[in-house]
Structure formats: C-alpha cells, structure tokens
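User: I am new to this structure and would like a close look at one part of it. Please take the contacts between helices, and then add whatever in the backbone helps to place them.

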Amino acid sequence: APLIRREDYTAPAFWIRTVDLTFDLDPAKTLVINKMAVERNPDQPGASLRLDGEDINLTRVLVDGEPVSFRVENQQLVLDNLPDQPFALEIRTTCAPGKNTQLSGLYTSGGGFFTQCEALGFRRITYFLDRPDVMSVYKVTLKADKLKYPVLLSNGNLVEQGAIDADRHYAVWEDPHPKPCYLFALVAADLVSREQRVRTRLGKEHLLQIFVRAGDLDKTEHAMQSLMASISWDEIRFGLSLDLERFMIVAVSDFNMGAMENKGLNIFNTKFVLANPATATDVDFGNVESVVAHEYFHNWTGNRVTCRDWFQLSLKEGLTVFRDQQFSQDMAGSASARAVKRIEDVRTLRQLQFPEDAGPMAHPVRPDSYMAIDNFYTATVYEKGAEVVRMMHTLVGEAGFAEGMKLYFQRHDGHAVTCDDFAQAIADANPESELTKRLDQFKHWYTQAGTPRVQARGSYSAEHKTYTLHLSQNCAPTAGQPAKLPFVIPVAMGLVAHDGRNLNLHLEGEALPIGTDTVLVLSEPEQTFTFVHVPVEPVPSLLRGFSAPVVLQAELGDDALFTLLTHDKDPFNRWEAAQRLALRRLLQAVSGHGPAELDPRFIQALRGVLRNAELDAAFKELVLTLPSEAYVAEQLDTVDPQRIHTARESLKLQLAKALHEDWIWAWEQHNDCGAYSPDPVSSGRRALANLALSMLCLDGATRHNPIWTGKAFQRFKDANNMTDRLGALGALVNSHADLAPDALSRFHEQFRDEPLVIDKWFTLQAAAPEKDGKVFARAKALMQHPDFTLRTPNRARSLLMALCQMNPAAFHRPDAAGYVFWADRVIEIDSINPQLAARLARALDHWRRLAEPYRTAAREALGRVMAKPDLSDDVREIVTRALQ
Ligand code: DPP
Ligand code: ZN
C-alpha cells in the first residue's frame, strides 16, 4: 500500500447527512441495507463519489431509488455524474461476521455479534466515506434470532422493538448526535446487565448499563462505580455533562484494543471492565477505573469534538489520556497516592515511549505519514501526547487550562478539528501565558519526533551566595528529521540543602522570592538562571513531577542523589534519585567496570526508605524495585540482553540478602490487610508485602531454605484475593522454587473457567526470569496447551507478548531460537489478525542496537517475515521501517 500523507488532506467531495442502516444478522451471511442522504460539497463540483469498502459483497446500488452504473476500483465504489442536489443513496451488501478473524468491522465472539470500527472498520460493514470528518445522524435497525441474540444494541436511544415472527425479533435505535462512522457500534448477543440510574448536576436522569455474559455479573460493580465517579468528575472539573439518556458498556472477550468509545455504546475488552477481588488484582482494578474513565471522557474529547483526519489522533487520545490520568490521581486522594500514580505513569512512558522515540517507529505526536493507521495507536500518540497536554496545563495553570477547554468546546463542538485548533484554544484563553507567547515553538512537540535531552550544570558561589543553573537542550535526529528546532520545556524545580531544607527561591532581578518551587521555561538551546540569597550550596531538584517528557542529564554525584532521596519535598524526585542510584550501579555491573557488590551506603539508604514510618507502602515498593531490564537497555548504545539480565538478577539477589531482616519486617507489618478493598493504602500494603515475599523466596531458593517458599505456598492457598494469591504464586515461579509447578497446576484447576485469570497463568510462566533456557522452553510448550489460541488477542498476548516483549533474557537467545519462534508466530498470526501480528512484530524494533550474535540473527528473522507472501500492510510497515 502507498504511504498516506498528512499534507495531502483534502475535504470530502460529499457529505453524508443521515444514515439509515438495517442489519439482518447471521454469522454466515449478514445483509446490510444502507440508506444515506448525500449532499455534494459545493467546493468540489463534478467530483465522483468514492466510497470505501473492504471484504464485503455488493448486491445493489440505487440513487434516488433508481439503479445506476458504478465501478469498483481499488476496493472503492465509484459513482460518477451524481446530481448537484441532495440525493438518496441506497447500498446493499453482505458480509460474513463468523469468518471475520481480524476483529475489525462486524464479527462474532462467544456466539454474539460485536463491532469495532476505529479506525477503518466501518468500511468492512458497508460502503461509506470512512473518514472522521464526515459526520452523520444514524438510525439503526437490527434483526436477529430471538433466542440466540436476546439483546440488540446500537448507539443512542432505543425507539422501537418487537417480534418479527416466532423466531426473530428486531430493535430500532436512533442517535441524535452526528458522528463519524468510526463511532458506530452494534451488539447482538445473549447478555445480562447491571443497571444504575443517576441524576447529574444539570438535574437530568440517565440510565447506565453494563452488559456482560451471565456468569460475569458479579464482576461489574467496580466498573459501575468507576463510571459514576467519571461522570461526576467531568462535571466538576470541566463542566462537561453526560449528553445521552442512556450510556452502555458491553464486555467482549475477543477484542484488539483495550476498549472503544462508540457514542453511547462503549465496547470493552473484558480485561478492562470485569473485576472482583477473587479474579482481579489491584493493578486490574486500577486499569478498569482508568479505562472506564478514559472511554467515558472521550464522549466529549473525541466524540463531540472529533479528529479531522487520523493524523490528528492525539487530539483525542493525548487529551483523553491526560484527563484519565488526572482523574485517577484525584481518585487516589492523598498527595502521596497521587505521586505514586504519577511515578507509575512516567515509568510506563519511559519503558514504552522513550524506546519507541529512539527506534525505527519514531514518529511525531502528530505523524506525517502512515501505511496502516492501526500501527499509530502508539505510546507516542497516547502517552507522549498526554505529556504535551500536561505541559500546556503546567504553563497556563489549572484554572487557565479549564478556561482553554471551555473555549475549545465553544469553538469546535460538533466539528472535526486538528491539534492546532486545540493548542490555539488553550493559548487564546490565556493570552498572558508562557504558552501563548511561544505557541508556534511549543508546537514543535507535535511535529518533531525524538526525546529531547536536557543537560543541567550548576555552580554555587559561597562568596556571592548565588547559585547559577545552566540548562541546555538537544534532540537526536530521527527518520526524516535530521535537525531539530528547540522545544519549549517547562522545568519544575527547587533547591535542596544537604541538611534537608528545601530553600526559598529568589531569581536574580526579581523583587521577591517565589517559594520553594517554581517552573523555569527552557526555550533556547542554552539558558542560564541565577538564584540569589542562597545560604548554602544546594542540590538542584530538577524536573519535579517529571514536568516534561525529556531525558535529564544532571550529572549529580551519589552525595547529591542521597540528599534528594532523603529530603526532596517532591516525591517523584525522591523516587527518581533512588532510580538513578540503582541505575548507576546496574550499568556498572553490566559494563563490568566498577564493583559487582552493592555498597553499604546504597543498601542503608534503601533500608532507610523501607523502614521510614512517614512514607506510604506503595511509594516504598516503587523505590525498592530496581529499574527494569528494558530501561537499563534504553541507556546503552549496544545491548546485550543476557548481560543486563545477569547484572540485574545479581543486584536483586544482593538486595534480597542484605535486607533480609528488613524484608521479614516488611512482610510481617504489611501482609494482613483484612477484608479486600482496592484503595491506594491497602493496595500499596499488598504491593510491598508481595515484593518482600518475592525477595524472601528468592533468597530462600538460592540457599535451598524452604521456609519462605513454604510460607509463600501457604499464602498462595489461603489468600482471600487475587493480588495476594498471584503475588505468592509469582514469588514461587520467579524464584524457580520446587513448589512452583504444584502451585501452578492448582491455580489452573481453580480458575479454569475464568479466561482472564488463565491469561495471568500464561503470562506468569512466560515472563518469569529466565534460568538455563527453561522459561523459553516452557513458553514454547504452552503453545500446545488446550487453553491456548491465537484467535483471542488477550490469550495470544498473554503468552507471546510476555515472552517476546516483557522477557528479554528468555527471548534474546544466543542460539536465535527466540527469533525463529517470533517470526513463525508473526507469520501465523498475520493470516488471522494483522493488527495483532503487527504489535508482536514490534518486538524486534531495536535489533540494530543488539550486540552480536543477536543482531545478525534478529535481522535474519525480520527478513523471513518480510518474505511472507501476502504480508499485511500492518506488518509490512513495521518490518520495513525496522529494516530501513
Ligand atoms: N478505543 C481506543 C481508545 O479509547 C481508541 N480510541 O483509546
Ligand atoms: Zn482513547
């Protein structure tokens, strides 16, 4: 397929004002009657109408009720010589939902019908102008077997339903809000629902429904609570109210994405909606809360105001991720719990987005071209996009940002717009802000790929009591962007004295000090900031709260980092200091330079955090967890995954041994949380207890001391919630304890009818720390397990992503068996579900930075995938970029 370019955008030649769809649903052959009211765009007189279609059979085309001549060209239905006046267009097609393994368009799952139309799935249902800037009002009639599909749903309001004959029934839905076709949805299935009526601040009544399979009703309470909380949060924070009488969520177990924000009818991957204490972990509860919120928030940021074209994807995704992150922080409550959420978000950004921005898939938050848009639902568009919105929020302040949002909706409600429109609205509402003064430059965040580096150097003059901070920035070239212009980088910061005081900041030339933290705006390649009346030499605490998505190179020595770890008022930078101290030691161990033994001072500092009565358990767990192998790899020019693994495992074991008594203390203090509740305090306690247990098992397993693995086994059997049960199972499996196989088979037996739990069972085994090739062999063998299938994305990911993306030491093998396995799976899945295959294909994005023999073997594997006949565009784009 050719590259599609942002600069080639043109408005549509026709508008489709209304759509009247009738579905006669049958897995083998579904008939779709599509009646549209079409109007020519007067700017394009004489243009032909080109409707997109894919994998559908055309049976009839009528214009104003009369048959017309047409052509089908490159999968498009082309109609020439259409009238200048509005006309009625009727198209009949059939499709085979039961054979749709791509899970895009109309497909079957577990005996029901479901749809997924974003980004380009609607063309697999009917011929249409499948682009987000064509917005239409929909009426949808569903006809289906009554017994098999008792529930018939589509967007908007139910206006009619009834029997057709003894076996079949129908329902008619109308959605009053004009929408792009990617927000269309239908469901026909045998489902039950949890219902809730709510009254919003505007005084309107709404019906909330969550539809699931009959056995899952006891897993819907948390999603309903999250939905109600999201509705009131958006009203309070942004003045945005629910605009529908009915808001529905449907759970489906075969789904490519996490969830989909179809107007009034969100469709969710079961993984992000179902949760109860017996089957879901604290992390799952948190994910359900944030994904429910995310999809709900899309109702305004995405649906009411949508994207002009798919290059603008971050207009809705970056903004909506920012909103769901803010929501989750507010839900977490305490300052410390908010900081924990921020640390987790940054960890994700660094682990997924930074590598993406440094590899062959690097692209701007607003990409310039693509082959398959599905490949651009990325960490860059989502997570970096959210950071860009967050920086605007920092530069204009919370109230200013709320004003900007108000203006954005005043200007653009009901329209399909661009990232520029969004930034302009935020800026225009805040004419005096730093954002507005440098808006054009700020927008380099949308146009330039790559992670900027910020160097910081400070010097103190004891004589003048001044502290001079020199900041500079640069950004490495990325594909197609050899030279970068400087970014606008908000640097939140403070100065910390070695005795622990957070010093008052007084910038040279200003009349008054400005408190103990401020935001410096770095917009030039180099800038110097001078602070006066600084009583003692300070340690700079820079990029507090991770105020910009950059790599900070501050060259702080261990002394300075220990000071920040102990005294910084910003919890993010306390954690960051510990990560830097640990990273420094990990990198020394990997390179073989420097001691392989951890120094007492570092161990003592971690002990100090662990035993600190002021700190929350959740924060301690984050500080005591070493940086991941992926993050270590990110720091290196040449990556030897086995060396990194060996180094990290060795340091982990040292921490297990050196802090043995402290881990026992931590376990004893935190392992009983009483009745289960997923709140931040008790989930933090569970996280710390589980970390302690895994450290104790690790130490025990190396000494063949069965005490702690025995305790873990007991815990595994007795736990009253999935977080503790899985934590104990993980402690056994990850330490390769003798009891692990028995525990694994008991776990499988107990949860054999819970697919989401069986996914965890696969993941745990495939992501375990590699030891003598056993993990790889086990993962390969699990492909033959009767519960394994490539057709359900969650299941395929549970094994394959765990092995190929999350477990570098098991995947990158000197004998190349990991790469052979990977290539075989990518090729196999490509024929079933190209979107899924393309995700797996990205596991070798970074082959160029691998050391030998990995590098050569990885390239060969990529070549094998590339040579597959009929390779999908999705996979072709990933592999082509990787090999370029
Ligand atoms: N469903 C995906 C999301 O909400 C794509 N819109 O991010
Ligand atoms: Zn989204």
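Analyst: What follows describes two helix pairs, then a single bent helix, then some backbone details in loops. The model is predicted.

Start with helix 19, residues 722-734, and helix 21, residues 755-766. Their axes come within 10 Å and cross at roughly 30°. Angles under 35 degrees count as roughly parallel, so helix 19 is roughly parallel to helix 21. The crossing of helix 19 past helix 21 is right-handed. On the side of helix 19, the contact is made by L726, L729, G730 and V733. Helix 21 contributes K760, L764 and Q765. By character, the residues of this contact are four nonpolar, two polar and one charged. An α-helix has 3.6 residues a turn, so residues three or four places apart point the same way. The numbering of L726, L729, G730 and V733 in helix 19 can be read with that spacing in mind.

The second pair is helix 27, residues 854-866, and helix 28, residues 873-883. The axes of these two helices also come within 10 Å, but they cross at roughly 145°. Helix 27 passes helix 28 in a left-handed crossing. Here the contact is formed by L862, V865 and M866 from helix 27, together with V875, V879, A882 and L883 from helix 28. This contact divides into seven nonpolar residues, with no polar and no charged ones.

The loop leading from helix 26 (834-841) to helix 27 holds P853. The peptide bond that joins E852 and P853 is cis, with omega about 5°.

Helix 4 is a separate case. It covers residues 335-357, which is 23 residues. From its first C-alpha to its last it reaches 31 Å, close to the 33 Å expected at 1.5 Å a residue. At R350, helix 4 bends by about 35°.

Two further loops have backbone details to check. Most residues other than glycine have a negative phi, and most peptide bonds are trans. In the loop between strand 11 (112-116) and strand 12 (135-145) sits A119. The peptide bond from E118 to A119 is cis, and its omega is near -5°. E555 lies in the loop between strand 31 (551-553) and helix 10 (558-567). Its phi is near 50°, a positive value in a residue other than glycine.

Technical notes. Residues are numbered from 1 along each chain as its sequence is written. Chains are lettered from A and ligands numbered from 1 in the order in which they are written. This is a predicted model: local features need pLDDT of at least 70, side-chain atom pairs count only at pLDDT 80 or more; totals for chains, interfaces and linings use all residues. Axes are lines fitted to C-alpha atoms, for helices over the stretch in contact, and angles run from 0 to 180 degrees between N-to-C directions. Helices (H or I, at least four residues) and strands (E, at least two) are DSSP runs, numbered from the N terminus. Angles under 35 degrees count as roughly parallel, over 145 as roughly antiparallel, 65 to 115 as roughly perpendicular and the rest as oblique. A crossing is left-handed if the near helix is turned anticlockwise from the far one by less than a right angle, and right-handed if clockwise. Two residues are in contact if their C-beta atoms, placed from the backbone, lie within 7 Å. Ala, Val, Leu, Ile, Met, Phe, Trp, Tyr, Cys and Pro count as nonpolar, Asp, Glu, Lys and Arg as charged, and the others, Gly among them, as polar. The expected span of a helix is 1.5 Å times one less than its number of residues. The bend at a residue is the angle between axes fitted to the seven residues ending there and the seven starting there.
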